[in-house]
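Me: I am new to this structure. Please take a close look at one part, a turn between two strands, and then work outward from there strand by strand. Short sentences, please.

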Amino acid sequence: MLNANLKGSTVKPKTLHTSATRQLITHFTEPWTVSQFTQELKEHLEAYNDVMIQGEIAPNTCKMASSGHCYFNLTDAKALLKCVWFQGSRQKAKSIDHNPHTGEVIEPYQHADLEDLQQGGKFICAGKISLYEPRGEYQLVVSYILQAGVGNLAAEFERLKKELASWGYFAKERKRPIPKNPRRVALITAPGGAAICDFCRLAASRGLSAKIRLFPSLVQGAEAVPQLTQAIAMANAQNWAEVLVIIRGGGSLEDLWCFNDKAVAKAIYESRIPVLAGIGHEIDFTLADLTADLRAATPTEAAVLLWSVRTDLAAQVHTLHMQLTRSMQSHIARAEHNLAHLEKVLRLASPARRLQMMQERLQNLVQQFHLQIRNWLTHKGAHLQQLEHQLAQTVTAETLKNKAMQINVAQDKLRRNVKVLLQNKLQVLAQGVMFLGQRMTKKLETETNSLEKLLALLESKKPTALLKRGYAIIEGAEGKIITSVQQASQGEDLKIHLADGQIAAKVQDIMHTQEHAQSKAIDEKK
Amino acid sequence: MSEQGLDDFETKLARLQEIVKNFDSGNLSLQKGMDMYKEGVECAKACRTMLNEAQHQLTIWQNEEEKALELTQVQNA
């Protein structure tokens, strides 16, 4: 481990000028030109090409040129040494891991960087002396810079670390989760430090509205420890915050030493509020960091760990909104699809559609019918053509002549047959007529006889015939035929019809038959 | 934004997530879907408004009292 007292490692120039040489310069009789003298000095000074010089750098005195080179003054109580740290050297500085003269190991945390220089403090600068002739200035061209006194503090840090670890301060089991996007944050840092600016600048674009309550405290020096512990205690006493954030910008081990104090570590350990510590830079580890529930590499990272980027939250809302819109569109599309399907089903089931379907079916059948008819006609046409073709091939003039002859023969034969048939039929007809005449004559005779008998019978039944046999018909005065004595009256004129004429008579007396008289008497009694 | 407002953001964001999840389940009637969509859009709008208006409030606790603090004051402290 590199010792804090590095005087022993300072390397003297390899070629020191002797007193004789100095005397030569001093007593030179001819005057030097400025260039000559400066050149002479340059040779002497630049012989200090590998030295380590310890001094202090005042805070915020480092000047950065646009070229990336850094200029600062290294001082002590009585003197000042201008220094330049070229960009190239600065970039290589931290790769130097041992003192080339003593062989001592240089830990990474011992190296100082630009921010350390800006913080100010005691440093050990390694490099070579250079004289810049145009301005007559000499300066130390730095190759690397170490923080003075780090060696002892580093050892102390390790000792304290072991001690606190043995007390369980760093146990993972006791680490509590830090609330995400907290709304009440207790912040412990120096109001004038760069840390709070970095923290607030980054926080401004993150999370939702949160209330950050600053508990001001020194973050460097002997007074920092009681203020830090008091601030932690105050935040816990209020019990208002969701999270306690302790931040500080980068600095040397000495600068950050207050955060390695056991009292501060104890206050963090005992805090009821989860603690997030962002102290120093990535390479700076303090006991406060190790004791805290969560360590942020820098103050800005503390803000990162606390709050989500606001644009990420906005993007999350946007994504959800887009998902919602897509889902709604799909939802409506599904409903439209279902509706269209139902409408289609309804249309298919409607009377109009059924009618249309039946019409279509009818039309199809008609078309099929027409098609089949056409096919049939086509088929028959083809068959006819085939037959015609066959006929044309088989029916010749000779065959026609033969057929005509056959027809003529048949006609002659037909005529003969018809004639014979006709004669036979006529003969049969004549026989029939003759038979019918005979029958009719016989029938007529029979009927005539019967009629004559009937006429004779009828004649015999005529009243005149009865009259001839002695009967008469009596006609009353009024022309009525008298059939009963009761129809006649006393003195009435009668006409008596006989076979050969009439007799006029007058009723003189009316005499009833005996049976008639008896029956009339009975009727009168009744 | 008030603390209630922050709660509202988280509540509304959770509600928006729930609505999107419900849509994914696909068991919503058309009317219910329309209602939930409307509610979801309102949640998203409210969340955006809260994000746009979000601003941290910085205070300092000194001498047993809390005072408002601007970042410029901090830088100049």
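Reply: Start at the hairpin of strand 2 of chain A and strand 3 of chain A. It has 5 residues between the strands, and Gly68(A) takes a positive phi near 95° there. Keep in mind that this is a predicted model.

Now look at the two strands themselves. Strand 2 covers residues 63–64 of chain A, and its pairing with strand 3 of chain A is antiparallel, over 2 bridges. Lys63(A) has Tyr71(A) in strand 3 of chain A as its bridge partner.

Strand 3 of chain A spans residues 70–75 and has two unlike faces, one covered and one uncovered. Cys70(A), Phe72(A) and Leu74(A) form the covered face. Tyr71(A), Asn73(A) and Thr75(A) form the uncovered face. Tyr71(A), the partner of Lys63(A), therefore sits on the uncovered side, as a residue counts as buried only with 20 or more other C-beta atoms within 10 Å of its own.

Follow the chain onward. Another hairpin, with 4 residues, joins strand 3 of chain A to strand 4 of chain A. These two strands run antiparallel and are joined by 6 bridges. Leu74(A), from the covered face of strand 3 of chain A, stands opposite Leu81(A) in strand 4 of chain A.

Strand 4 of chain A, residues 80–85, also pairs with strand 6 of chain A, residues 137–147. Here the sense is parallel, over 2 bridges. Cys83(A) stands opposite Leu140(A) in strand 6 of chain A.

Strand 6 of chain A has another partner. Strand 5 of chain A, residues 121–132, pairs with strand 6 of chain A in the antiparallel sense, over 10 bridges. Ala126(A) stands opposite Tyr144(A) across this pairing. A hairpin links the two strands, with 4 residues between them. In that hairpin Gly136(A) takes a positive phi near 65°. Here, then, is another glycine with positive phi, as with Gly68(A) in the hairpin of strand 2 and strand 3 of chain A.

Next, move to another sheet. Which strands make up the open sheet of 7 strands, and in what order? The order is 11(A)-10(A)-9(A)-7(A)-8(A)-1(B)-2(B), and the pairing is mixed. Strand 11 of chain A (294–295) and strand 2 of chain B (65–68) stand at the edges. Each has a single partner strand, so one side of each is left without a neighbour in the sheet.

Where do the chains meet in that order? Strand 8 of chain A, residues 211–216, pairs with strand 1 of chain B. They run parallel, over 4 bridges. Leu214(A) has Ile60(B) as its bridge partner.

Contact between the chains takes in other parts too. It involves 37 residues from chain B and 30 residues from chain A. On the chain B side, the elements giving two or more residues are helix 1 (3–25), helix 2 (30–52), strand 1 (57–62) and helix 3 (71–76) of chain B. Helix 1 of chain B gives the largest share, 11 residues. By type, this side divides into 23 nonpolar, 10 polar and 4 charged residues.

Step back along the sheet into chain A. Strand 9 of chain A, residues 243–248, runs parallel to strand 10 of chain A, residues 275–279, and 5 bridges join them. Leu244(A) pairs with Val275(A), and Arg248(A) stands opposite Ile279(A).

Is strand 10 of chain A covered or uncovered on its two faces? Both faces are covered. Val275(A), Ala277(A) and Ile279(A) are buried on one side, and Leu276(A) and Gly278(A) are buried on the other. That makes 5 of its 5 residues buried. Across chain A, buried residues make up 23% of the 526 residues.

A helix lies over this sheet as well. Helix 7 of chain A, residues 224–238, lies across strand 7 (184–189), strand 8 and strand 9 of chain A together with strand 1 of chain B. It runs at about 170° to strand 7 of chain A.

Finish with a helix pair. Helix 6 of chain A (residues 194–203) and helix 10 of chain A (residues 299–306) pack at an angle of about 30°, with their axes 7 Å apart. They are therefore roughly parallel to each other. The crossing is right-handed. Among the residues in contact are Phe199(A) and Leu202(A) of helix 6 of chain A, and Ala303(A) and Val304(A) of helix 10 of chain A. The residues of this contact divide into 8 nonpolar, 1 polar and 1 charged.

Definitions and conventions
Residues numbered from 1 in each chain as written. Chains lettered and ligands numbered in written order. Predicted model: local features only at pLDDT ≥ 70, side-chain atom pairs only at ≥ 80, totals over all residues. Axes fitted to C-alpha atoms, helices over the stretch in contact; angles between N-to-C directions. Parallel < 35°, antiparallel > 145°, perpendicular 65-115°, else oblique. Left-handed = near helix turned anticlockwise from the far one by under 90°. Contact = placed C-beta atoms within 7 Å. Nonpolar A, V, L, I, M, F, W, Y, C, P; charged D, E, K, R; others polar. Pairing = 2+ DSSP bridges. Buried ≥ 20, exposed ≤ 12 C-beta atoms within 10 Å, placed from the backbone.
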